[in-house]
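Biologist: I'd like a close look at a single part of this model, please. Could you walk me through it slowly, as you would for someone in their first year?

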Amino acid sequence: MAVFLLCKYLYPGIKQTTSVNLPPGPTGCSLIMFLLQAFRNPIVALENAHKTFGDIYSVKIGPISMVIVNGIEAMTEVLVTNGKVFAGRPDLFVKLTGNDGQGLLTRQHDAAFITQRALVSKCLRCTGKEQLSLDARIQHATSQLIEWMDGKSCQLLDSSDASRYLQTTTANVVCSIAYGRQYCYTDSNFQHLISSMDEIFNSNPFRMIFQLARFFPYLTGTVFKELDLRTGIEKVAAYSETVINEHKITAAAAATRTTNKTNVQDIIDAFQTEQRKGGSDLSHFTDTQLVYLLCDMFVSGTETTTTSLNWALLYMAYYPEIQDRVQRELDKVFPKECVVTVVCREHMQSLPYTMATIMEVLRIRHVAYIGVPHCATKDTTLNGFHIPSGTMVITNFWSVHMNDKYWDNPLKFNPERMLGENGRIVTKKAFMPFGAGPRSCLGRHVAKAELFIIFSTLLHRYSYSLPINSPPSTLDPRIGISLTPKPYKLIVHRR
Ligand code: HEM
């Protein structure tokens with residue numbers, strides 16, 4: 001059955017013609033080898049093909065054409081220089097999420113997208129006069145995490161517990177900005193939302209198959225239906241609808257009491273304010289658009305930061321000398337007895353080594369190692385190759401972050417590489433965890449602030465080490481939709 005399906009869907013790829021100047025790539029047996037390898041380990045498959053075919057190569061599976069882009073030059077061309085032409089999202093990706101191209105992540109790059117992106121970008125900065133600042137929201141979420149860590153009776157931290165509590169913290173930051181509220185860790189509605197994230201990103205080995213299964217319309221529709229992204233997203237969508245309706249009721253009650261004054265505290269308030277303005281150019285400000293926009297915030301903004309923090313703690317346990325240096329730097333800025341949740345972004349300047357450590361974690365274990373798929377919005381060329389309109393374009397961030405052309409000994413965990421001679425952070429072209437150009441990460445300010453505040457707080461208050469008697473943890477990633485740590489155990493000591 002598997003062989004039949006493979007042949008049925010690969011056949012058009014095997015007989016691929018090269019009448020136009022398409023990028024080279026595996027065909028026939030080498031295509032089958034590539035796919036088998038990709039099922040086992042997508043990174044190895046992508047790296048081998050990179051070595052064989054160069055920075056730009058194509059993979060054609062049945063009716064689906066993909067171009068894989070590697071290295072700084074080609075990635076910059078796709079993301080920035082010719083960014084608008086490559087700013088589409090492929091149909092298949094849109095179908096998989098089941099939101100009909102609404103929201104932001106899967107929306108095509110049109111005028112409506114630009115307006116919506118600008119609105120959300122403003123909300124994510126939380127700079128409104130009457131608004132709670134971004135730092136305050138993160139500090140509040142972090143204080144719940146600290147309460148849980150302080151109350152833990154046992155010093156052993158299991159990766160599933162660590163993930164659950166870090167995820168609860170980062171989800172609370174997103175909920176604060178999106179819904180205007182944070183939740184108690186035991187709130188059942190909230191835990192229901194969090195479990196949807198597991199459904200989307202849960203990296204059991206089948207998810208790896210899903211990586212490729214999603215390129216097979218037949219398989220994604222039937223055999224792998226249970227792996228569809230839609231299940232998790234629908235849960236978040238249903239919850240978002242409830243909160244949107246509550247906001248409507250509150251806004252209506254406020255309108256009977258006050259004048260035209262608006263009190264924008266979150267994304268829903270900002271969106272509904274635009275809805276009330278009306279007008280034909282705001283016709284895309286629909287309730288469905290708002291629902292999927294909130295889903296995007298939740299899906300893109302929770303797992304990414306949680307996994308990066310997870311990696312950061314694991315790397316600290318593996319590299320005690322680096323952990324020690326981070327803690328010494330933190331102790332200079334915050335006396336040991338100080339209330340640690342006072343960490344805020346202003347301290348970034350005074351904590352360059354801590355910043356460098358976070359950046360090095362983002363480089364060596366980049367959670368979004370193959371980004372989000374792009375799509376050519378019209379026929380175009382890339383380094384002289386023809387790229388037909390509608391072609392899916394995959395940006396291989398691993399090929400930049402782990403390339404010895406750009407980094408000395410890229411496999412080595414070395415925060416120093418992010419610092420210049422004066423000890424300050426240096427900007428490196430080959431460091432692009434949040435992508436670049438018109439589709440770059442919309443939440444990067446939030447992510448940077450969260451990683452800094454939560455990591456600094458956790459390192460200032462506790463130390464992390466590997467248990468001596470347990471089976472050794474590993475720094476090898478689980479490779480699924482994202483790069484996540486394999487199960488681990490850490491000893492946590494209150495400092
Ligand atoms: C460590 C944390 C994070 C990393 C490494 C990360 C990385 C990325 C990357 C690589 C992309 C794809 C860029 C592209 O399509 O070329 C992306 C897109 C996106 N991210 Fe993030 N992200 C992080 C956190 C967040 C957070 C906290 C939020 C929201 C609160 C967020 C919201 C988004 C959205 C909405 C998009 C889609 C933008 C678009 O389609 O135009 N991300 N992110």
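Biologist: In which hand, left or right, does helix 14 pass helix 16 in their crossing?

Modeller: Helix 14 passes helix 16 in a right-handed crossing. Keep in mind that we're looking at a predicted model. When two helices pack, people describe the pair by the angle between the axes and the distance between them. Here, the axes of helix 14 and helix 16 (residues 352–364) come within 10 Å and cross at roughly 110°. Angles from 65 to 115 degrees count as roughly perpendicular, so helix 14 and helix 16 are roughly perpendicular to each other. On the helix 14 side, the contact is made by S308, W311, A312 and Y315, and helix 16 answers with I358, V361 and L362. Sort the residues of this contact by class and you get six nonpolar, one polar and no charged.

Now follow helix 14 to another partner, helix 18. Their axes also come within 10 Å, but this time they cross at roughly 35°. The crossing of helix 14 and helix 18 is right-handed too. From helix 14, the residues making this contact are G301, T304, T305, S308, L309, A312, L313 and M316. Helix 18 brings V446, A447, E450, L451, I454, F455, L458 and L459 to the contact. By class, the contact of helix 14 with helix 18 has eleven nonpolar residues, four polar and one charged. Did you spot S308 and A312? They're in the contact with helix 16 and again in the contact with helix 18.

Then there's the ligand. Helix 14 (287–318) and helix 18 (444–461) each supply at least two residues of the shell around the ligand. Helix 14 gives the most, with seven residues. The ligand has 27 residues around it, and S300, G301, G435, C441 and G443 come nearest. Look at G301 once more: that residue is among those nearest the ligand, and it also belongs to the contact of helix 14 with helix 18. As for the mix of classes, the shell has 15 nonpolar, ten polar and two charged residues.

So, to put helix 14 together: it crosses helix 16 at roughly 110°, crosses helix 18 at roughly 35°, and gives the shell around the ligand seven residues.

How values were computed
Residues are numbered from 1 along each chain as its sequence is written. This is a predicted model: local features need pLDDT of at least 70, side-chain atom pairs count only at pLDDT 80 or more; totals for chains, interfaces and linings use all residues. A residue is near a molecule or strand if its C-beta atom, placed from the backbone, lies within 6 Å of it. Helices (H or I, at least four residues) and strands (E, at least two) are DSSP runs, numbered from the N terminus. Ala, Val, Leu, Ile, Met, Phe, Trp, Tyr, Cys and Pro count as nonpolar, Asp, Glu, Lys and Arg as charged, and the others, Gly among them, as polar. Axes are lines fitted to C-alpha atoms, for helices over the stretch in contact, and angles run from 0 to 180 degrees between N-to-C directions. Angles under 35 degrees count as roughly parallel, over 145 as roughly antiparallel, 65 to 115 as roughly perpendicular and the rest as oblique. A crossing is left-handed if the near helix is turned anticlockwise from the far one by less than a right angle, and right-handed if clockwise. Two residues are in contact if their C-beta atoms, placed from the backbone, lie within 7 Å.
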